Amino acid sequence: MNTDHFELMKLALKMEEQSEHDTHKVGALIHKDNKQVVRANFWPEPLAKHIGKHKKLGNASTTMHAEMAAICASQSTEGASIYITDLPCPNCAKAIAEARITHVYIDSHTHNTPLGLKIKPYFDDISTRIFKKAGIFVYEMNEPERTINKIVTPDESILRQIHRPVRQISLEYEDINQPRFLEIIAAQSNKVSFAACYAKSDLGHHTFLFAQVSRSIGLSPEDAEEITNGQDKYEPSLQPINRLILACARHGLKIDPKYLYSSQTPTARELVNIIGAGYSSIHIGDNTKCRDKWGLMALKQLKKHNVIEFC
């Protein structure tokens, strides 16, 4: 069956209209095996209520990006395509790569939107580099002219290398308890920040997942250094909690909300994504440590309003 790319983008654009954001409305649609999941960017209710729609959680906006929302709602993203109504920022580009999405479609009108104009320098310099290195094809669609142009073609020789793969350990029924969970965590190498969880399949089978901070898929140390030196807004690495969420999306798993652990305080953006993905509790090993001060500030804000339970 041939894929009607324009019809799928129309669905994403229709979802964009449902975004409550006043200036930055975005819709994203995941397509795989003739099934679609479509989401708009949104404010998770606990953050909208207690922090505010136009206030920061640490240094992060309180919105869940449409791309991340669609990925989290999908059954499995391995080999999927994504249709986005605006230019994906570098954080979403990293998420798309980690979720093993292989084709990205953007609408040509995005270059003239307030968000598109804001993101374009980062899209050109960082997002497209991430896509190219991760082996992802990117297309621009023009509805009035009914054209689809390829704007990013990955090098055929590039392998989708993972700097630090997410570890998976199969579990038995007797492993599903808090002491055993912490025992497995203690047995893992933890020289850098990491996160762990028990994840469940639709059949109820549990798997232990362990993720460390890692460069985005395909980026070499030299690529990462160039990205870091070129600007100070986006980093070339993906944080552990985000990697767990995306690994689950890739394999069609769901984090068991009773078993989510971070070795240190997550970043502000990770905390937004945790809440946006529907999780209400997390166990933090050392809540005095974080990648930066903003995560600690975000933690303080969330504790003040009891937005999420910290074990």
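This passage describes two sheets, one helix packing and two residues in a predicted model.

The model is predicted, with local features requiring pLDDT of at least 70, side-chain atom pairs counted only at pLDDT 80 or more, and totals for chains, interfaces and linings using all residues. Residues are numbered from 1 along each chain as its sequence is written, and side-chain values use heavy atoms, with hydrogens and water left out.

Helices (H or I, at least four residues) and strands (E, at least two) were taken as DSSP runs, numbered from the N terminus. Two strands were treated as paired if DSSP finds at least two bridges between them.

One open sheet is built from six strands. Their order is E2-E1-E5-E6-E7-E8, and the pairing is mixed. Strand E2 (35-40) and strand E8 (147-152) each have a single partner strand, so one side of each is left without a neighbour in the sheet. From one strand to the next, the twist averages 20 degrees. Axes here are lines fitted to C-alpha atoms, for helices over the stretch in contact; angles run from 0 to 180 degrees between N-to-C directions. At the E8 edge, strand E7 (residues 137-142) pairs with E8 in the antiparallel sense over five bridges. Glu 140 has Asn 149 in E8 as its bridge partner.

Helix H3 (residues 66-73) lies across three strands of this sheet: strand E1 (27-32), E2 and strand E5 (81-84). Helix H3 runs at about 140 degrees to E2.

A further open sheet of six strands follows the order E9-E11-E10-E14-E15-E16. Its pairing is also mixed. The edges are strand E9 (167-170) and strand E16 (309-310), each pairing on one side only. Strand E15 (residues 281-290) and E16 are joined in the parallel sense over two bridges. Ile 282 stands opposite Phe 310 in E16.

Ser 263 belongs to strand E14 (residues 254-265). Its relative accessible area is 16%, so Ser 263 is buried (under 20%; exposed is over 50%, partly exposed in between; 1.4 Å probe, protein chains only). Beyond its neighbours within four places in sequence, Ser 263 is in contact with Ser 193, Phe 194, Gly 285 and Asp 286 (contact means heavy atoms within 4.5 Å). Ser 263 and Ala 97 are 166 residues apart along the chain, and their C-alpha atoms are separated by 24 Å.

Lys 303 lies in helix H10 (residues 293-305). With a relative accessible area of 39%, Lys 303 is partly exposed. Residues up to four places away in sequence aside, Lys 303 touches Asn 287 and Phe 310.
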